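Visitor: I work with models at the atom level, and I would enjoy a short tour of this one. Could you start with the charged side chains?

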Amino acid sequence: IDVMADAPGVTLAALFSPEHGIRGLLDATVPSTRDEKTGLPIHSLYGETRRPTAEMLQGLDAIVIDLQDIGARFYTYMTTMAYVMEEAAPRKIKVFVLDRPNPIGGVAIEGPSLDQEAVSFIGYLPAMPTRHGMTLGELARLFNAEKTIGADLTVVSMRNWRRDAWFDETGLMWIGPSPNMRNLYAATLYTGLASFESANLSVGRGTDTPFEHVGAPWIDGVRLAEALNARAIPGVRFYPEQFTPTASKFAKEACQGVFVVVTDRNAVRPVRVGVEITSALLKLFPGKFEIDSATRLFGSAAGLTRLKSGDDPAAIAGSWSGAEARWRLLRAKYLLY
């Protein structure tokens, strides 16, 4: 914003805010307001509307999208970008996407493909796996073509980024893209733990380490840790803990659960970790874990059915291989790095 506000020959006319606000600090509905520094209007795309309206777009020649994605299908910045492209295209407004790294790398792809019935603001494109392995600029190219949006799109690519690079290998400053995405550990586990957070389970919101642990008042943490460690899940270990969230799910209620320790980030498959935790909770505490509400985030009704029927979590994860391979082929022509 500062660069464009001071750029010669450019008139910065308006700002648009996704979920979490223009600076990534909010964790609620985002109001439309004015930017204190520039005095420009900030149009909320996470309030009464999640698409820019004709009034918001009036008089604009171009829109610049500068967002930090996290590599998960249900992180809403990609859908906001797509909605902006959809509204800009028929109005002949140019769209520029300033690309940024995928903090969890651009190689690994994992998870069930999104059911057509689960398409929503937290799942824009059917067939996309939970961990998509693309940058936001690459996704913009894919959406523009595969959804036939037809936007006048320019992606300003990065220099020197490698597909296999984790965020700490870039040398860039970590700036939380949302209040609960505080570090690379959280980002690493997010695709798995957040897949089931709409159920009656805390994933650490309201604690100092969101997305690094799970818990609930009805869980016995010692039993859960023992069961999960016995599974010898690649790349992770678990220890039992107690915590009391200050906000969000089970706010001010004492919870037990497990903390997830990543022992090998290149071996861990976080979506499988989420499935393993869910499977263990269903078996250890029958009748307590209500996972039906997780359909939209997890994205696969068939996968939830298999979990509830007691299928082996490793077999469920193995069943994703076909969808993961199809996504790898689909995305290939849109990759920039």
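Guide: Gladly, and we can begin at Asp152, which is partly exposed with a relative accessible area of 40%; partly exposed lies between buried (under 20%) and exposed (over 50%), using a 1.4 Å probe and protein chains only. This is a predicted model, where local features need pLDDT of at least 70, side-chain atom pairs count only at pLDDT 80 or more, and totals for chains, interfaces and linings use all residues. Residues are numbered from 1 along each chain as its sequence is written, and side-chain values use heavy atoms, with hydrogens and water left out.

Visitor: Which residue meets the side chain of Asp152 in a salt bridge?

Guide: A salt bridge here is a side-chain nitrogen of Lys or Arg within 4 Å of a carboxyl oxygen of Asp or Glu. For Asp152 the N to O distance is 3.1 Å. Asp152 sits in the loop between helix 4 and strand 6 (153-156), and its partner is 58 residues apart, in strand 5; helices (H or I, at least four residues) and strands (E, at least two) are DSSP runs numbered from the N terminus. The partner is Lys94.

Visitor: How many residues apart in sequence are the parts that Asp66 and Arg100 tie together?

Guide: The closest N and O atoms of Asp66 and Arg100 are 2.8 Å apart, in a salt bridge. Asp66 lies in the loop between strand 4 (62-65) and helix 3 (77-88), and Arg100 in the loop between strand 5 (94-98) and helix 4 (136-146), so the parts they tie together are apart by 34 residues.

Visitor: Is Asp292, the partner of Lys308, exposed or buried?

Guide: The side chains of Lys308 and Asp292 meet at 2.6 Å, N to O. Lys308 is partly exposed at 47%. Asp292 has a relative accessible area of 52%, which makes it exposed.

Visitor: Why do the buried residues of helix 6 lie on the same side?

Guide: The buried residues of helix 6 (residues 221-230) are Gly221, Leu224, Ala225, Leu228 and Asn229. On the other side, Val222, Glu226 and Ala230 are exposed. The buried set shares a side because it covers an arc, taken from the directions from the helix axis to the C-beta atoms, of only 120 degrees.

Visitor: Which residue caps the N-terminal end of helix 6?

Guide: Look for a side-chain oxygen that lies 3.1 Å from the backbone nitrogen of Val222. That oxygen belongs to Asp220.

Terms used: Polar contact = N/O pair within 3.5 Å; in protein donor to acceptor, adjacent residues only side chain to side chain.
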